[in-house]
Amino acid sequence: MAKEKQIFFCRECGFESAKWMGQCPGCRSWNTFCEEKVTVGARKQSGGRTAVVPTSILEVKTADETRFSTGLEELNRVLGGGIVNGSLVLVGGDPGIGKSTILLQMCRNLSADGHKILYVSGEESLSQIKMRAERIGTFQKNMLLLCVNNLEDVEEYVKKDRPKVIVIDSIQTIVVEDIASAPGSVSQVKEVTARLMQMAKQMDIAIFIVGHVTKEGTVAGPRNLEHMVDTVLYFEGDRNAGFRILRAVKNRFGSTNEIGVFEMLETGLSEVNNPSKVMLAGRPLQTSGSVVVCSLEGTRPILLEIQALVCQTSFNLPRRTTVGLDYNRVNLLLAVLEKRAGMVLSGSDAYVNIAGGMRLDDPAADLGIVFALVSSFRNRPLDESMVVFGEVGLSGEVRGVSAAEQRVREAVKMGFRTCIMPKTNAEHLKSIEGIKVVGVSNISQALEYI
Ligand code: TYD
Ligand code: MG
């Protein structure tokens, strides 16, 4: 017998509880519990089951061509080389960032390659999708649209006619009928995802799910789903700025370090093949506190500008602010400069920013941060044809980083003439034409170049 029950779920992490709680024991966030009705079905009789037999790993056959291209180089890269058959991909991001647009563009390319695509929208009507599609380009007739709100309809169709790829836009608008709670609630979102996962694996269909990330509110964010799906992509960037970055947060079939860079235009998203050029556009010349670093995003070197502003504080406790960088990392480097380079920074505010709206987590940026801080502190502009990278340790040593050669080559490509880098890397580097490589082993040596 099926019966209805009230259950409380944490909106952040999906923790389940029979009673309301102020703080979630799962993720420690406050005031995130919401009440939902769920129907608990009677357990199925075990009589009808057939015996399962495990398969030896040697007998499992892998298909030769398991990946296929999306037609968008940047998206392929983030997916780890293309779409894997039977995978479930979650595309998350703020509303209006371009999730529907990128997936529609992907569908257009796939349908042009002759694949049958099903685009399920619970948000827009057929004519609204068509209107958007017309801005993007021309479509083939094997791109099928379905405007429904329940999963049963989708399952029904898929049983009759198997598409190659399905896009669900968005998970928050699709419901399973036998669950009583509202669309977008934790139990609905989890159940729909679980059923889609089953569909993907059993029928070997690649499924893309769109999920809005909500800061607050009644709608369950896709964070609940991250552990259920194969791949999680986040689309980020300032909605007002044109540039969008697609990042893999989890990927069962590839690396999670890769990023894809796009620009939102009148005609949809266009791929940015040379992000360094974009990130350095509009760089101020002959100004103190600005330095170019070469960071590595996955396998791809990107040149970024770090800006620092160090000025006399008017508070007892100096202010430190970072944008796009780890706050603690900057504090640590300020302490290293104070102790190892004898600079008195305790009376100065420090603001550090990555130009262009990127986030930088690569430790190789350390030396760049140090250069920017010192340049601003001494009010001395740096050589604008210079690029720096290297990790800085607590005793002021400059440590080697990975892929030094790739970074230097990117700098040469963008016309830089000097590169200050860790000595250990410089020693192993083959000479590269067009750039002067300077190896430094600690920050006092490095600061001679300011
Ligand atoms: P959309 O893909 O609808 O966002 P999401 O599905 O993530 O909510 O993108 C909407 C934004 O993109 C909207 O502000 C308009 C803009 N846009 C363009 O600038 N050019 C275009 O060609 C398209 C289709 C959208
Ligand atoms: Mg949308």
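1. Let us start with the word "domain": here, the bounds of a domain come from an automatic or database domain assignment. Keep in mind too that this is a predicted model. With that settled, the protein chain splits into domain 1 (3–40), domain 2 (66–273) and domain 3 (278–447). How far apart are the C-alpha centres of domain 2 and domain 3? They lie 37 Å apart. Where the two domains touch, domain 2 supplies nine residues and domain 3 supplies four. On the domain 2 side of that contact you will find four nonpolar, three polar and two charged residues.

2. Now for a sheet with many strands. Nine strands make an open sheet, and their order is E8-E7-E9-E10-E6-E11-E12-E13-E14, with mixed pairing. Which strands stand at the edges? They are strand E8 (143–146) and E14; each has a single partner strand, so one side of each is left without a neighbour in the sheet. From one strand to the next, the twist averages 25°.

3. Both ends of this sheet are good places to practise reading strand pairs. As a reminder, strands of a sheet pair through backbone hydrogen bonds, either parallel or antiparallel. At one edge, strand E7 (residues 117–121) and E8 run parallel and are joined by four bridges. Look for Val120, whose bridge partner in E8 is Leu146. At the other edge, strand E13 (residues 259–265) and strand E14 (residues 268–271) run antiparallel, and four bridges join them. Leu265 has Gly268 in E14 as its bridge partner. The link from E13 to E14 is a hairpin, made through two residues.

4. Next, look at a helix on this sheet. Helix H5 (residues 186–203) lies across strand E6 (88–93), strand E9 (165–169) and strand E10 (206–212), and runs at about 160° to E10. The loop between E9 and H5 holds Ser170. What kind of peptide bond joins Asp169 and Ser170? The bond is cis, with omega at about -5°.

5. H5 also has a helix partner. Two packed helices are described by the angle between their axes and the distance between the axes. For helix H4 (residues 151–160) and H5, the axes come within 11 Å and cross at roughly 5°. H4 and H5 are therefore roughly parallel to each other, since angles under 35 degrees count that way. In H4, the residues Leu151, Glu155 and Val158 meet Val192, Arg195, Met199 and Met203 of H5. By class, the residues of this contact are five nonpolar, no polar and two charged.

6. Ligand 1 deserves a careful look. There are 14 residues around ligand 1, and Lys99, Ser100, Thr101, Arg135 and Gly268 come nearest. Two elements each give two or more residues to this shell: helix H2 (99–112) and helix H3 (126–136). Which of them provides the largest share? H2 does, with three residues. Sorted by class, the shell has three nonpolar, seven polar and four charged residues. You have already met Gly268, the bridge partner of Leu265.

7. There is another open sheet to trace, this one of seven strands. Its order is E17-E18-E16-E15-E19-E22-E23, and its pairing is mixed. The edge strands are strand E17 (320–323) and strand E23 (436–440), each pairing on one side only. Neighbouring strands here are turned by 25° against each other on average, direction ignored. Inside the sheet, strand E19 (residues 386–388) pairs with strand E22 (residues 418–422) in the parallel sense, over three bridges. Opposite Val388 stands Ile420 in E22.

8. Two helices lie across strands of this seven-stranded sheet. Helix H8 (residues 366–377) lies across strand E15 (290–297), strand E16 (300–312), strand E18 (348–354) and E19. Helix H9 (residues 404–413) lies across E15, E16, E19, E22 and E23. What angle does each helix make with E16? H8 runs at about 30° to E16, while H9 runs at about 80° to E16.

9. One last spot to check is a backbone angle. Arg28 sits in the loop between strand E2 (16–17) and strand E3 (33–40). Its phi is near 65°, a positive value in a residue other than glycine.

Conventions. Residues numbered from 1 in each chain as written. Chains lettered and ligands numbered in written order. Predicted model: local features only at pLDDT ≥ 70, side-chain atom pairs only at ≥ 80, totals over all residues. Near = placed C-beta within 6 Å. Nonpolar A, V, L, I, M, F, W, Y, C, P; charged D, E, K, R; others polar. Axes fitted to C-alpha atoms, helices over the stretch in contact; angles between N-to-C directions. Parallel < 35°, antiparallel > 145°, perpendicular 65-115°, else oblique. Pairing = 2+ DSSP bridges.
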